[in-house]
Amino acid sequence: MDEGKMDENEWGYHGEGNKSLVVAHAQRCVVLRFLKFPPNRKKTSEEIFQHLQNIVDFGKNVMKEFLGENYVHCGEVVQLPLDFVKQLCLKIQCERPESRCDKDLDTLSGYALCLPNLARLQTYRFAEHRPILCVEIKPKCGFIPFSSDVTHEMKHKVCRYCMHQHLKVATGKWKQISKYCPLDLYSGNKQRMYFALKSLLQEAQNNLKIFKNGELIYGCKDARSPVADWSELAHHLKPFFFPSNGLASGPHCTRAVIRELVRVITRVLLSGSDKGRAGTLRSGPGLRGPPVCEASPFSRSLRCQGKNTPERSGLPKGCLLYKTLQVQMLDLLDIEGLYPLYRRVERYLEEFPEERKTLQIDGPYDEAFYQRLLDLSTEDDGTVAFALTKGFRFC
């Protein structure tokens, strides 16, 4: 990327979360990821650079080791002309969801992360003949904690995602509760996975997006967005999944296309495609928690019918869902177990502030840092080292 010749008109708003905002180039398969901050919170350019470099190092030295080389794109930190960043910020402001405008894009440092645009890919030049379809899923945490640190009984029965659904609807962030439950997706049971993916398609919120040639064709941009239209989605997808029954339109055609989409996504999630370096994650604790979430509509429906809920069928060890779940389960502390460890570290640093760098709290996230994360000990010896290791892995 030639940082000296930047034109804000070549870039468009792609999306944002709580801490960063992403713009995509109109022609090239790259995106820029900028940090966001509340209006009254300022950081120096050096702090911004180090924050972004830590993200790169963490991906390169930690997540690649855990998930495998083909599943992690680390990107690189780039410095951009400040005038370009300011003009870009003005250009995209009208496209940002109102609910995300409580934080501003960093326009003072000029630093951003440059990453490949996986919604478009390098084969974009063939898009006129064969469109590029990208499905983005945020699966969330796939297990219920069973640690003795958890004191609230509800947390042993209902997953974090389903509890948050009730909170977000009550506070007005979303209009209605999604039927999606992560435990159904991670179950490996195709019936439960089908229900989970179909539920995501019905109420995508910010957990599912579908792109065609880099353009968002399905998914909510804001809590006030109307419910996405399945018939419109089916229209986009028919070149990929034309119904075998030959129907070209109508509700039966739409259902057939959606069913085929879910089938293909399920197959991809269960397949192992990492042909590069394998992750070196050591086995953590086995999945001993409840196999189902009591709040899952799938489970409730079966109970109402007097049927037993299908157990986990197990995920193939090479598939991405299995790897993701293994990383999630490196520790099972929940916030109730984590907070006392956080307080221990906080008190220690109040007494010995110079130790912050020695303990690598702010990086560097290098090979030595990764080796610390491989410590699977579960017995708390009361040390700051134990609290840091567990805290880093939980976060």
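This is a working chat about a predicted model, its open sheet, its cores and its ring pairs.

Student: Before we start, what should I keep in mind about numbering and confidence cut-offs here?

Tutor: Residues are numbered from 1 along each chain as its sequence is written, and side-chain values use heavy atoms, with hydrogens and water left out. The model is predicted, and local features need pLDDT of at least 70, side-chain atom pairs count only at pLDDT 80 or more, while totals for chains, interfaces and linings use all residues.

Student: And what is the mean pLDDT of the protein?

Tutor: The mean is 85, and 86% of the residues reach 70 or more, where pLDDT is the predictor's confidence in each residue, from 0 to 100.

Student: Where is confidence lowest, and where is it highest?

Tutor: Among the helices and strands, which are DSSP runs numbered from the N terminus (helices H or I, at least four residues; strands E, at least two), helix 13 (residues 384–394) has the lowest confidence in the protein at a mean of 79, and strand 4 (residues 76–79) has the highest at 97. Over residues 275–280, however, the pLDDT is below 50, and this stretch has 14 contacts in the model beyond near neighbours in sequence, a contact being heavy atoms within 4.5 Å.

Student: OK, on to the sheet: in what order do the three strands come?

Tutor: The order is 7-8-9, in an open sheet with antiparallel pairing; two strands pair if DSSP finds at least two bridges between them. Strand 7 (133–137) and strand 9 (215–218) each have a single partner strand and stand at the edges, so one side of each is left without a neighbour in the sheet. Neighbouring strands are turned by 35° against each other on average, direction ignored.

Student: How many bridges join strand 8 and strand 9?

Tutor: Strand 8 (residues 208–212) pairs with strand 9 over three bridges, in the antiparallel sense, and Phe211 has Leu216 in strand 9 as its bridge partner.

Student: Which helix runs at about 75° to strand 8?

Tutor: That is helix 5 (residues 190–202), which lies across strand 7, strand 8 and strand 9. Helix 6 (residues 230–237) also lies across strand 7, strand 8 and strand 9, at about 130° to strand 9. For these angles, axes are lines fitted to C-alpha atoms, for helices over the stretch in contact, and the angles run from 0 to 180 degrees between N-to-C directions.

Student: His236 is in helix 6, so is His236 buried or exposed?

Tutor: His236 is buried, with a relative accessible area of 18%, since buried means under 20%, exposed over 50% and partly exposed in between, with a 1.4 Å probe and protein chains only. Leaving aside neighbours within four places in sequence, His236 is in contact with Lys212 and Ile217.

Student: Switching to the largest nonpolar core, which residues touch the most other members?

Tutor: Leu201 and Cys293 do, out of 43 residues; a nonpolar core is a set of buried Ala, Val, Leu, Ile, Met, Phe, Trp, Tyr and Cys residues joined through side-chain atoms within 4.5 Å. Helix 7 gives the most to this core, with nine residues. Not counting residues up to four places away in sequence, Leu201 touches Leu208, Ile210, Tyr218, Trp230, Leu233, Ile258, Leu261 and Val262. A second, separate core of 36 residues includes Val22, Phe37, Val345 and Tyr370.

Student: What does helix 8 pack against?

Tutor: The buried residues of helix 8 (residues 297–304) are Pro297, Phe298, Ser299 and Leu302, and they pack against helix 4 and helix 5.

Student: Last topic: how many aromatic pairs are there?

Tutor: The structure holds ten, where rings of Phe, Tyr and Trp (its six-membered ring) pair if their centres lie within 6.5 Å, and planes under 30 degrees apart count as stacked, over 60 as edge-to-face and the rest as tilted. The rings of Phe58 and Phe369 have centres 6.3 Å apart and planes at 65°, so this pair is edge-to-face. Phe58 lies in helix 1 (residues 45–67) and Phe369 in helix 12 (residues 367–373), so the pair ties together parts that are 311 residues apart in sequence.

Student: How accessible is Phe58?

Tutor: Phe58 counts as partly exposed at 28% relative accessibility, whereas Phe369 is buried at 1%. Ring pairs link Phe58, Tyr365 and Phe369 into a cluster.
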